[in-house]
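Reader: I would like a close look at one helix pair and what surrounds it. Give the cut-offs as you go.

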Amino acid sequence: MDTPKADIRHILIDYLARQEPGTSLSEWITGMGIEIRELEKSPRRGTLLLRSEYQPNPPTILIYQDVIEMWHTKLVEEMGLTGIEESLLKELCLVHELLHDLFVRAKTHFPRQEARLIRKISLRQEEFLVREIVRDWMKSRYPQYNDPLNQILDIHEC
Ligand SMILES: [Zn+2]
């Protein structure tokens, strides 16, 4: 499974690089026909606190502000990471959920052969790849956060 995984990773990273400079991530995403909804409260309580969620029908990304805020507070107040904005954390969630859309609606985003390759991946591998690619994306998009990257993402469970 190693080769397709590496190929898929490249295909998806290339896709993310298509975001035009001057267009915000959320503008780019909504331009693809994906709705972004920011909700005040995450519906999950208990141990599983989702920061964001992807729903395919119709394509929608849900962002849960309360949990993003908790994540932000933890990074800034408990871990002392200054200069981390909530908007950055939101972007990480947006990229994460966009990647799920690229898997689920591969046929609308990619030529047939690439889409077929992408659809071969299991859900577990999909989640793993999504997290890896978010990491790559953040490294290239925000090199200034390279040092705290692991701290930011290790508690990243969009
Ligand atoms: Zn996910």
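Is the crossing of H3 and H4 left-handed or right-handed?

Author: The crossing of H3 and H4 is right-handed (the near helix is turned clockwise from the far one by less than a right angle; anticlockwise would be left-handed). The model is predicted, so local features need pLDDT of at least 70 and side-chain atom pairs pLDDT 80 or more, while totals for chains, interfaces and linings use all residues. Numbering starts from 1 along each chain as its sequence is written.

Start with the two helices. H3 covers residues 65-78, and H4 covers residues 86-104. Helices here are DSSP runs of H or I with at least four residues, strands are runs of E with at least two, and both are numbered from the N terminus. H3 and H4 pack with their axes 10 Å apart, at an angle of about 120°. That angle makes H3 oblique to H4. Angles are taken between N-to-C directions of lines fitted to C-alpha atoms, for helices over the stretch in contact, and run from 0 to 180 degrees. Under 35 is roughly parallel, over 145 roughly antiparallel, 65 to 115 roughly perpendicular, and the rest oblique.

Now the residues that meet. H3 brings Ile68, Glu69, Trp71 and His72. H4 answers with Glu86, Leu89, Lys90 and Cys93. Contact means C-beta atoms, placed from the backbone, within 7 Å. Ile68 deserves its own look. Beyond four places in sequence, Ile68 touches Glu86, Leu89, Lys90 and Cys93. Ile68 also touches Arg51 and Ile63. The residue Ile63 lies in S3, so let us turn to the sheet: strands pair if DSSP finds at least two bridges between them.

The sheet is open, with 3 strands in the order S1-S3-S2 and mixed pairing. S1 (35-39) and S2 (52-55) are the edge strands. Each has a single partner strand, so one side of each has no neighbour in the sheet. From one strand to the next, the twist averages 20°. S1 pairs with S3 (residues 60-64) in the parallel sense, over 5 bridges. Isoleucine 36 stands opposite isoleucine 61 of S3. Glutamate 38 has isoleucine 63 of S3 as its bridge partner. S2 and S3 run antiparallel and are joined by 4 bridges. There, glutamine 55 has threonine 60 as its bridge partner. S2 and S3 form a hairpin, with 4 residues between them. Proline 58 sits in that loop between S2 and S3. The peptide bond from asparagine 57 to proline 58 is cis, with omega near -10°.

Both helices of your pair meet this sheet. H3 lies across S1 and S3, at about 50° to S3. H4 packs on the sheet too, touching S2 and S3, and its direction makes about 25° with that of S2.

H4 has another helix partner, H7. The axes of H4 and H7 come within 9 Å and cross at roughly 135°. H4 and H7 are therefore oblique to each other. Their crossing is right-handed. On H4, the contact is made by Leu92, Val95, His96, Leu99, His100 and Phe103. On H7, the contact is made by Glu126, Val130, Ile133, Val134, Trp137 and Met138.

Next, the core. A nonpolar core is a set of buried Ala, Val, Leu, Ile, Met, Phe, Trp, Tyr and Cys residues joined through C-beta atoms within 7 Å. Here the largest one has 29 residues. Ile68, Val95, Leu99 and Val134 have the most contacts inside this core. Two or more residues come from each of H1 (2-16), S3, H3, H4 and H7 (123-141). H4 gives the largest share, 9 residues.

H1 brings leucine 12 into view. Beyond four places in sequence, leucine 12 is in contact with Leu99, Leu102 and Ile133. Leucine 12 counts as buried because it has 25 C-beta neighbours inside 10 Å (20 or more other C-beta atoms within 10 Å is buried, 12 or fewer exposed, in between partly exposed, with C-beta atoms placed from the backbone). Lysine 90 is 78 residues from leucine 12 along the chain, and their C-alpha atoms are separated by 20 Å.

For contrast, take a loop. Proline 111 lies between H5 (106-109) and H6 (112-119). With 10 other C-beta atoms within 10 Å, proline 111 is exposed. The C-alpha atoms of proline 111 and isoleucine 133 are separated by 20 Å, at 22 residues apart along the chain.
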